[in-house]
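User: Please take a close look at one loop of this predicted model, and then carry the description on to whatever else in the chain can be set beside it.

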Amino acid sequence: MLDILAITTPIFAIIGLGYLARAGRIIGHEPLQGIGIFVMYFALPALVIRALTQNPLGEVFDPDYLLAYGAGSLVVFALGLAFTLGLEHKPLGTGAIQALGMSASNSGFIGYPVAAMVLGSPAAMFLALNMLIENLLIIPLALTLAELGRQTGKGFRGTLHQTALRLVRNPVLIGLLIGVLLAVMGRPIPAPLAKGIDMLASAAGPAALFVIGGSLYGLRPKGMVRDMGQIAIGKLMLHPLAVFGISLLLPDIDPLLLTGALLFACAPMISVYPIFGQRFGLSDITAAALMVSTLGSFVTISLMLWLMRHSSLFVTP
């Protein structure tokens with residue numbers, strides 16, 4: 001148990017430092033946003049580029065991992081959408097945003113730092129694959145359905161066009177594209193540039209955790225226990241179970257891939273979740289769900305690490 005705490009405690013201690021820095025007015029909201037912009041626009045793209053160029057492209061794009069994590073995420077998204085629409089009779093926009101919270105992990109800000117401490121360098125490759133699934137599949141699907149639910153009069157084609165325009169400006173996707181092009185070309189990155197990319201990539205984990213902690217300051221559940229609990233349970237429990245179940249259906253899946261997939265699936269939802277929620281009138285629910293899921297992930301990640309230590313299916317942390 002002490003070995004597990006040695007992995008999780010530093011991660012959540014940095015989150016706590018970010019929270020205390022905001023609570024103690026050491027750093028304000030705008031400077032914190034600046035750190036978040038640095039992580040999103042520079043550190044995470046550099047991390048993805050480094051992951052795609054350090055190893056042969058065929059070793060990075062693993063179809064088993066993409067299938068296990070992608071299919072597991074889609075299953076949870078579908079279940080969350082069906083529950084909110086069919087049983088709770090909520091609007092399509094609300095259902096899509098709640099399903100997004102259950103099925104899209106905070107891969108860059110929490111999943112990667114945890115996986116990096118457990119698995120080392122392979123965590124960066126899993127991050128690149130997760131970014132593909134989340135940015136090209138889950139997030140576009142959720143936003144397209146949510147936009148359709150608003151009945152803006154633009155129709156499906158107009159909604160899809162708007163979503164695509166937002167995605168092509170996503171810095172992580174730009175980093176993915178650059179990394180893939182460099183990997184396909186097969187030419188080494190010049191040493192000074194490679195060193196700069198490595199320095200930016202190394203800053204991604206701690207800076208991201210600090211931003212998460214600072215972002216939690218001031219969030220209040222405000223009596224939304226039911227919806228908040230559904231989203232948090234879906235993300236922290238149902239998502240890992242779905243990824244695990246799909247993985248077991250694959251023949252002879254690599255324990256390293258299985259371990260990585262579950263560690264990322266155990267992370268809370270994407271950090272920009274409240275931003276998406278605000279666009280569709282769900283800012284309070286999404287912010288509260290993010291707070292509860294981030295705090296709850298300390299327990300679920302620690303539990304997952306403990307289970308991994310007692311099973312031959314995983315790489316032992």
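**A loop and its backbone**

Analyst: Arg25 is found in the loop that runs between helix 1 (2-23) and helix 2 (29-54), and in this predicted model its phi is positive, at about 60°, although the residue is not a glycine. Most residues other than glycine have a negative phi. As for its surroundings, Arg25 counts as exposed because its relative accessibility is 78%, where the cut-off for exposed is over 50%.

A second loop can be set beside this one, for Asp252, which is not a glycine either, has a positive phi of about 55° and sits between helix 11 and helix 12 (255-265). Asp252 has a relative accessible area of 79%, and therefore it is exposed.

Helix 11, at one end of the loop that holds Asp252, leads on to the second largest pocket, to whose lining this helix gives the most, with 5 residues. That pocket holds about 260 Å³ of space, and the elements that give two or more residues to its lining are helix 11 (225-249) and helix 14 (283-309). Among the lining residues are Leu236, Met237, Pro240, Leu241 and Phe244, along with Leu262, Cys266, Thr300 and Phe314. By class, the lining is made up of 11 nonpolar residues and 1 polar residue, with no charged residues.

Methods: Residues numbered from 1 in each chain as written. Predicted model: local features only at pLDDT ≥ 70, side-chain atom pairs only at ≥ 80, totals over all residues. Heavy atoms only, no water. 1 Å grid on protein atoms, 1.4 Å probe; cavity = no way out; pocket = protein on both sides within 12 Å on 5 of 7 lines; lining within 4 Å. Points joined across faces, edges and corners; volume = space filled by probe spheres on them. Helix = DSSP H or I, 4+ residues; strand = E, 2+ residues; numbered from the N terminus. Nonpolar A, V, L, I, M, F, W, Y, C, P; charged D, E, K, R; others polar. Buried < 20%, exposed > 50% of the residue type's maximum accessible area, 1.4 Å probe, protein only.
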